Amino acid sequence: MLDAKTKIDIRRFDTLGHANHGWLDARHHFSFASYYDPARMGWGAIRVWNDDIIAAKAGFPPHPHSDMEIITYVRTGAITHQDSLGNTGRTAAGDVQVMSAGSGVRHSEFNVEDEATTIFQIWVEPTTKGGEPNWGAKPFPKDGRTGQFTVLASGFAEDTDALKIRAEARVLATTLSAGESVTHEVGPGRHAYLVPATGALTIDGTTVNARDGVALSAGTVTITATEDAEIVLVDAA
């Protein structure tokens, strides 16, 4: 449903692609694996946004990637990473890991915890293909982003505190108390996609529930929490 005035396109949670493999219960905001919707192939350089629930003691065995920036935002629990570059790391709730697949890398992602882990996994197309792959992770305490967007990952040099990606994109997050608002400007030629991990909100008066997706076109929007909310937003070319 495209609102020309506010340039908001909402993808309700119950309309997302769905695949339940037992150990993995996945929702797909964009076409992915066996889910195909020609109207949801991506949004600008944002190619994948998966909402995954990974069972305890389960995960993704080693598999290859190339020419993609892969950002994992851990909502609850923790994810443990291992790759062919020799990197290993555990990323816990609220924290972020990024992998620039570059010319090619193999990695595994496992939930070694005793409870389910929930993540957003986001893929953004890189500005240029190839290059040496790399991986990084960083804690981002939720109390450090209350009431304002914090840049978690970025391809822009001025975002010195963010994890680096090779795309003209920013991954941002905020936590809002009920009644709080933030604004976000989507520049000309840019594409933003927003998902509340928890809570509910309005965007220029339009109601958005937890785990709904919202595609935003050029312009400035006001985001107001109607319940305490945790929000992730990607702004890309």
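**A loop residue, two strand residues and two spaces**

Let me begin with A93, which sits in the loop between strand 9, residues 88–92, and strand 10. What we are looking at is a predicted model, with a mean pLDDT of 96 over the chain and with 97% of its residues reaching 70 or more. The stretch to treat with caution is residues 1–6, where pLDDT stays under 50, and for that stretch the model has eight contacts beyond four places in sequence.

Coming back to A93, its relative accessible area is 37%, so this residue is classed as partly exposed. Once its neighbours within four places in sequence are left aside, A93 is in contact with V74, R75, T76 and G77. For G77, which is 16 residues from A93 along the chain, the separation of the two C-alpha atoms is 5.5 Å.

From that loop we move into strand 10, residues 96–100, where we find S100. Is S100 buried or exposed? Its relative accessible area is 1%, and because buried means under 20%, S100 counts as buried. Not counting residues up to four places away in sequence, S100 touches M68, E69, P133, N134, K164, I165 and R166. With one of these, E69, there is a polar contact between side chains, at 2.5 Å. With another, K164, the C-alpha separation is 8.8 Å, although the two residues are 64 apart along the chain.

Strand 10 also brings us to the enclosed space in this model, since a search of the whole structure finds one cavity of 30 Å³ or more. The largest cavity has a volume of about 40 Å³, and its lining consists of I70, T72, H81, Q97, V98, M99, H107, E109 and W135. Which elements give two or more residues to that lining? They are strand 7, which spans 69–76, together with strand 10 and strand 11, and the largest share, three residues, comes from strand 10. Divided by class, the residues around the largest cavity are four nonpolar, four polar and one charged.

Next, Q121, which lies in strand 12. With a relative accessibility of 10%, Q121 counts as buried. Its side chain makes a polar contact of 3.0 Å with the side chain of W123. If residues up to four places away in sequence are not counted, Q121 touches V48, W49, N50, I70, I71 and T72. Two of those partners, I70 and T72, appear again in the lining of the largest cavity, while N50 leads us on to the open space.

That open space is the largest pocket, which holds about 250 Å³. Its lining is made up of 17 residues, and those nearest its centre are L24, H28, F32, N50 and F60. The elements that give two or more residues to this lining are strand 4 at 24–28, strand 5 at 46–54, strand 6 at 58–65, strand 11 at 105–111 and strand 12 at 117–124. By class, the pocket lining has seven nonpolar, eight polar and two charged residues.

To close, strand 11 is listed among the contributors to the pocket and also among the contributors to the cavity, whereas strand 10, which holds S100, gives the cavity lining its largest share.

Methods
Residues are numbered from 1 along each chain as its sequence is written. This is a predicted model: local features need pLDDT of at least 70, side-chain atom pairs count only at pLDDT 80 or more; totals for chains, interfaces and linings use all residues. Side-chain values use heavy atoms; hydrogens and water are left out. On a 1 Å grid over the protein atoms alone, a cavity is a set of points where a 1.4 Å probe fits but cannot get out, and a pocket is an open set with protein on both sides within 12 Å along at least five of seven lines; lining residues have an atom within 4 Å of a point. Grid points are joined across faces, edges and corners, and a volume is the space filled by probe spheres set on the points. Helices (H or I, at least four residues) and strands (E, at least two) are DSSP runs, numbered from the N terminus. Ala, Val, Leu, Ile, Met, Phe, Trp, Tyr, Cys and Pro count as nonpolar, Asp, Glu, Lys and Arg as charged, and the others, Gly among them, as polar. Buried means under 20% relative accessible area, exposed over 50%, partly exposed in between (1.4 Å probe, protein chains only). A polar contact is a pair of N or O atoms within 3.5 Å; within protein, one must be able to donate a hydrogen and the other to accept it, and residues adjacent in sequence count only if both atoms are side-chain atoms. Contact means heavy atoms within 4.5 Å. pLDDT is the predictor's confidence in each residue, from 0 to 100.
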